[in-house]
Amino acid sequence: MQITHSLIIGGTKGLGKVLAKQLIDEGHHVSILARKKPQDTKDILQNALYVEADLLKEDTVFSALEYVLQKRKIINNLVFLQRYKEQDDRWNGDLEVGLNATRKIIEYLKNHFVKTTPYSSIIMVSSIASKFANDSQPLSYSVTKAGLDLMMIYYAAQLGPKGIRVNSVSPITFIKPESQTYYENNQKINSLYQKMVPLGRMCNATDVANVVRFLCSEQSAFVSGQNIIIDGGLSTISHENLPKILAEKIN
């Protein structure tokens, strides 16, 4: 039986941890490349290979990727979840970690993907912030996500002949395990999302992980070059109608 290997870039917490657990439960060999390994033992997933690398330092990244290849031999799925977390120089940090590191890793690994199965897949986690102004994040965040959307399209065309599918997902604001308490204690925000979103609730990390997991599976074998919006149908409502809908539901 052939083993499926999924490499997650930036997957120690939040969505990455949820996704990694799902893939491990399905029998995948999962490798997680992050700046630091989980500090708390409860965050460590059994059977996951954790590898440390600073995405701002190219030599450490390539050394980490070589180590992963030595241990796992091949790659079936590559998922990009990394994000620049420091507050200094956000512009260069976001672009380097979000865009440049993604490109370098793809170029480094593109000849190591399995070619004989429908499992070869690259998924970039983007955001609806790539399409709309978002004052809760710096400009560099939106620019980075918009760049990922275009990068996804480029690589879908370039790597398709190698049997590699490339897609992205763009979720709305979603609840992570680490932010669960915040939203539970801020029912006004939660209630507003319930009124705005046609499906009547907030998105959560499992919702997003489920779509990424689908893109890692043979069920998506002919899906490539697509950006899947995960917003419970919110993007189907025009900006003109949204205030009317909210006014009716609030009153």
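Two strands count as paired here if DSSP finds at least two bridges between them. Keep in mind that this is a predicted model.

Q: Which residue of strand 5 does F80 stand opposite?
A: Start with strand 4, residues 77–80, where L78 and F80 point one way and N77 and V79 the other. Four bridges join strand 4 to strand 5 (residues 121–125), and the two run parallel. Across that pairing, the residue opposite F80 is M124.

Q: And which residue stands opposite V79 in strand 4?
A: Look at strand 1 this time, residues 5–9, which runs parallel to strand 4 and is joined to it by four bridges. V79 itself is buried. The residue standing opposite V79 is I8.

Q: Which strands stand at the edges of the sheet?
A: The sheet is open, with seven strands in the order 3-2-1-4-5-6-9 and parallel pairing. An edge strand has a single partner, so one side of it is left without a neighbour in the sheet. That puts at the edges strand 3 (48–52) and strand 9 (227–230).

Q: What is the bridge partner of V169 in strand 9?
A: Strand 6, residues 165–171, pairs with strand 9 in the parallel sense, over four bridges. In strand 9, V169 is partnered by I228.

Q: What angle does the direction of helix 1 make with that of strand 1?
A: Helix 1 (residues 14–25) packs on the sheet, and the strands it touches include strand 1, strand 2 and strand 3. Its direction relative to strand 1 comes out at about 175°.

Q: At what angle does helix 3 run to strand 4?
A: Helix 3 covers residues 90–109 and lies across strand 1, strand 4 and strand 5. Its angle to strand 4 is about 170°.

Note on methods:
Residues are numbered from 1 along each chain as its sequence is written. This is a predicted model: local features need pLDDT of at least 70, side-chain atom pairs count only at pLDDT 80 or more; totals for chains, interfaces and linings use all residues. Side-chain values use heavy atoms; hydrogens and water are left out. Buried means under 20% relative accessible area, exposed over 50%, partly exposed in between (1.4 Å probe, protein chains only). Contact means heavy atoms within 4.5 Å. Axes are lines fitted to C-alpha atoms, for helices over the stretch in contact, and angles run from 0 to 180 degrees between N-to-C directions.
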